[in-house]
Amino acid sequence: MKIAIIGGGIVGSTAAYYLAKEKEISVFLFDDEKGQATKAAAGIISPWFSKRRNKAWYKMARLGADFYQKLLQDLENDRIKNDFYEQSGVFLFKKKEEKLGELFELANIRKQEAPLIGEITLKSFDDLKEDYPYLSGFKKTLFASGGARVDGGKLVKTLQNTHKITIIHQKVSLEITENQQYMINGIVFDKVILASGAWLPSILEPLGYQVDVRPQKGQLRDYYFSKNIFNHYPVLMPEGEADIIPFPDGKVSVGASHENDMGYDLSEDKSILDTIEKEALTYFTALNQADKTEIRVGTRAYTSDFSPFFGQVPQLPNVFAASGLGSSGLTTGPLIAYQLVQLILEKTLDLEPIDYPIEKYIQKQKE
């Protein structure tokens with residue numbers, strides 16, 4: 001079987017990894033390397049504190065966090081080193097600190113079905129100032145030991161470099177042949193996965209589909225330090241966009257922004273990042289001591305009701321798609337990809353497709 005995957009972000013790369021493990025499947029991964037959300041993502045796995053009322057979304061996010069344990073075990077079984085994921089823990093901050101008590105209670109309730117959350121404690125500034133001297137701007141914080149940091153770029157690279165995957169860096173179009181087969185850039189495929197995120201409309205609209213997916217621009221700034229003195233710091237999650245993620249290599253990522261109505265613009269806007277930096281400095285005073293900084297820009301995919309979806313594209317047998325992951329892509333992406341793989345292999349799914357209905361967001365227009 002020959003399978004094409006369009007999009008080399010977290011969904012496409014995870015799907016490619018698992019499909020390439022199957023002996024009788026040849027996997028071709030197409031990616032033009034422009035605007036990928038995964039490589040410009042902040043990298044926090046900590047869904048348990050969300051107050052979104054969408055129960056289907058929370059289930060996906062919770063199981064998405066859990067799925068990393070399977071992914072890591074599968075990579076270990078393949079003798080592939082993990083240098084992209086670490087359960088570093090997470091500190092949550094609220095401007096109204098009484099809200100931390102509410103989150104503490106919520107987390108303890110959710111821990112019953114999500115033990116990965118780990119230790120949950122309320123800590124004061126005085127408890128932490130000796131071990132974490134660059135923290136400031138709060139009296140109390142909520143700590144969860146199960147929170148994790150992920151380097152999206154390293155994750156994608158790891159997954160793509162595992163099994164035999166043919167990677168083609170080209171812009172693509174999907175065509176249907178006279179024999180009702182699927183052709184991409186002159187190659188005919190048995191099955192296709194559309195993992196192109198915010199670019200999904202550009203692939204399906206020429207085939208007569210209306211696609212409820214819109215782009216959202218995201219920017220973050222990486223701060224590099226010659227001395228790796230923040231390796232033991234958990235992820236810091238203030239309110240707003242100023243998430244702070246210290247990595248073991250001396251890099252600290254801050255962001256990312258959520259910019260609507262910018263289309264597919266990938267230009268840097270330092271004024272937005274300066275505003276985020278100002279907020280982040282309130283909680284982490286070391287940022288202005290960085291040796292250098294770099295900016296990353298990507299494009300997320302959102303639906304009109306902010307819900308993700310996956311499944312077989314209506315009226316296109318053997319073509320599968322997923323999109324609308326938004327800012328939770330690093331958390332939910334690997335799990336969603338695995339569901340698409342299970343659909344292709346006709347195996348049992350962890351999620352009910354009816355809860356993430358693709359036909360709600362992708363509709364064939366009447367001719």
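Reader: Where in the chain is the place of asparagine 318?
Author: This is a predicted model, and here asparagine 318 falls between two strands rather than inside one. The later of the two is strand 21, covering 319-323. Asparagine 318 therefore sits in the loop between strand 20 and strand 21.

Reader: Is asparagine 318 buried, partly exposed or exposed?
Author: Its relative accessible area is 29%. Buried would need under 20% and exposed over 50%, so the label for asparagine 318 is partly exposed.

Reader: What's the phi of asparagine 318?
Author: Most residues other than glycine have a negative phi. Asparagine 318 goes the other way, with a positive phi near 70°.

Reader: And phenylalanine 306, which loop is that in, and what is its phi?
Author: Phenylalanine 306 belongs to the loop between strand 19 (292-302) and strand 20 (309-312). Phenylalanine 306 counts as partly exposed, at 38% relative accessibility. Its phi is positive too, near 65°.

Reader: Which peptide bond is cis?
Author: Most peptide bonds are trans. Look at the loop between strand 18 (251-255) and helix 7 (270-283), where alanine 256 is placed. Omega is near 15° for the cis bond, which runs from glycine 255 to alanine 256.

Reader: On to the inside: which helix gives the largest share of the largest nonpolar core?
Author: That core has 71 residues, and Ile5, Leu19, Phe49, Tyr68 and Leu71 touch the most other members. The largest share is 12 residues, and it comes from helix 2 (residues 55-77).

Reader: What does tyrosine 68 touch, leaving out residues up to four places away in sequence?
Author: Tyrosine 68 is one of the core members that touch the most others. With those sequence neighbors left out, its contacts are Ile10, Ile45, Tyr85, Val150, Leu155, Leu330, Thr331 and Pro334.

Reader: How many residues are in the second, separate core?
Author: Ile168, Leu174, Val213 and Leu316 are included in this second core. Its count is 29 residues.

Reader: How many residues of helix 1 are buried?
Author: Helix 1 covers residues 10-20, and its buried residues include Gly12, Ser13 and Thr14 as well as Tyr17, Tyr18 and Leu19. The rest of the structure largely encloses this helix, because the buried count is 11 of the 11.

Reader: Overall, what radius of gyration does the protein have?
Author: The protein holds 8 helices and 22 strands. For 367 residues the globule rule gives 21 Å, and the protein is close to that, so it is as compact as a globular protein of that length. Its own radius of gyration is 21 Å.

How values were computed: Residues numbered from 1 in each chain as written. Predicted model: local features only at pLDDT ≥ 70, side-chain atom pairs only at ≥ 80, totals over all residues. Heavy atoms only, no water. Core = buried A, V, L, I, M, F, W, Y, C linked by side-chain atoms within 4.5 Å. Buried < 20%, exposed > 50% of the residue type's maximum accessible area, 1.4 Å probe, protein only. Helix = DSSP H or I, 4+ residues; strand = E, 2+ residues; numbered from the N terminus. Contact = heavy atoms within 4.5 Å. Rg over C-alpha atoms; globule rule 2.2 N^0.38 Å.
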